[in-house]
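Biologist: Could you choose one part of this model and take me through it closely, residue by residue? I would then like to hear how the surroundings are put together.

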Amino acid sequence: MLVILVAIPIVHNKMAKKKYLVWKDDYSVGIEEMDNDHKKLLNLINQLQTAVNYYTGKEFEEKALNELVDYTKTHFKKEEQLMADNGYEDLEAHKQQHKRFISKINDFIIQYKSDSDITIVDTLQFLKEWLIKHINGTDKEYGKVLNDKGIH
Ligand SMILES: [Fe+2]
Ligand SMILES: [Fe+2]
């Protein structure tokens with residue numbers, strides 16, 4: 001019994017570290033409103049992760065997934081508007097990345113509905129990797145350009 005009690009926090013910690021996203025200052029694009037959106041997206045991914053980790057059931061998982069997808073779309077619109085308002089040159093390429101992401105997510109959702117256990121984990125993995133990479137790369141690019149125009 002004691003061995004198990006000692007092992008639980010160790011295993012839990014290891015899992016938690018691996019699976020939850022943690023915001024880093026390095027992810028900042030230099031524009032407060034966008035950083036706040038990105039932080040919220042990370043939290044929504046973590047909420048979905050919690051639903052998966054604690055087996056809260058399909059209904060809660062779906063709610064968490066829908067909330068994340070809805071907020072992602074809201075954020076993309078805001079971000080695209082901000083870039084458009086400031087004459088950002090690479091707007092079209094950036095929009096395409098957003099579009100491809102949404103269509104990929106829709107594919108995952110279709111798969112998830114037919115085979116929930118496997119694909120929700122795959123979906124989460126994809127979401128985490130894509131989002132961090134996108135924020136830390138493509139989003140930072142408009143960040144720099146807009147910062148130079150005095151937008152923070
Ligand atoms: Fe973004
Ligand atoms: Fe973006």
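**The iron site and the aromatic residues**

Modeller: Along the chain, the donors of the iron ion (ligand 1) follow the spacing H-x36-H-x3-E-x59-D, and I should say at once that the model is predicted. In residue terms, the iron ion (ligand 1) is coordinated by His-38 and His-75, each through NE2, by Glu-79 through OE and by Asp-139 through OD, at 2.1 to 2.2 Å. The arrangement is irregular, because the four donor atoms around the iron ion (ligand 1) subtend angles of 83 to 170°, whereas a tetrahedral assignment would need all angles to lie between 85 and 135 degrees.

Glu-79 deserves particular attention, since it coordinates both the iron ion (ligand 1) and the iron ion (ligand 2), which are 3.5 Å apart. Glu-79 shares helix H3 (residues 58-85) with His-75, and the two residues are four apart, about one turn of the helix. Both count as buried, because the cut-off is under 20% relative accessible area: the value for His-75 is 1%, and that for Glu-79 is 0%.

Turning to the aromatic residues, a search of the whole structure finds seven aromatic pairs. One of them is edge-to-face and joins Trp-23 to Tyr-27, with 5.7 Å from centre to centre and 80° between the planes. Within this pair, Trp-23 is partly exposed at a relative accessible area of 22%, while Tyr-27 is buried at 8%. Tyr-88 and Tyr-142 also form an edge-to-face pair, at 6.4 Å centre to centre and with 75° between the planes. This pair links distant parts of the chain, 54 residues apart, with Tyr-88 in the loop between H3 and helix H4 (91-114) and Tyr-142 in helix H5 (residues 116-148). Tyr-88 is buried, with a relative accessibility of 9%, and Tyr-142 is buried as well, with a relative accessible area of 0%.

Beyond these pairs, Phe-76, Phe-101, Phe-108, Phe-126 and Trp-130 form one aromatic cluster. Two further tyrosine rings have a lysine over them: the charged end of Lys-40 sits over the ring of Tyr-71, 4.4 Å from its centre, and Lys-58 lies over the face of Tyr-112, at 5.1 Å from the ring centre.

Methods
Residues are numbered from 1 along each chain as its sequence is written. Chains are lettered from A and ligands numbered from 1 in the order in which they are written. This is a predicted model: local features need pLDDT of at least 70, side-chain atom pairs count only at pLDDT 80 or more; totals for chains, interfaces and linings use all residues. Side-chain values use heavy atoms; hydrogens and water are left out. Donors are N, O and S atoms within 2.8 Å of the metal (3.2 Å for Na, K and Ca); water is not among the atoms, so sites may look incomplete. Four donors count as tetrahedral if all angles lie between 85 and 135 degrees; four count as square planar and six as octahedral if opposite donors are over 155 degrees apart and all others between 65 and 115; anything else is irregular. Buried means under 20% relative accessible area, exposed over 50%, partly exposed in between (1.4 Å probe, protein chains only). Rings of Phe, Tyr and Trp (its six-membered ring) pair if their centres lie within 6.5 Å; planes under 30 degrees apart count as stacked, over 60 as edge-to-face and the rest as tilted. A charge sits over a ring if NZ of Lys or CZ of Arg is within 6 Å of the ring centre and within 35 degrees of the ring normal.
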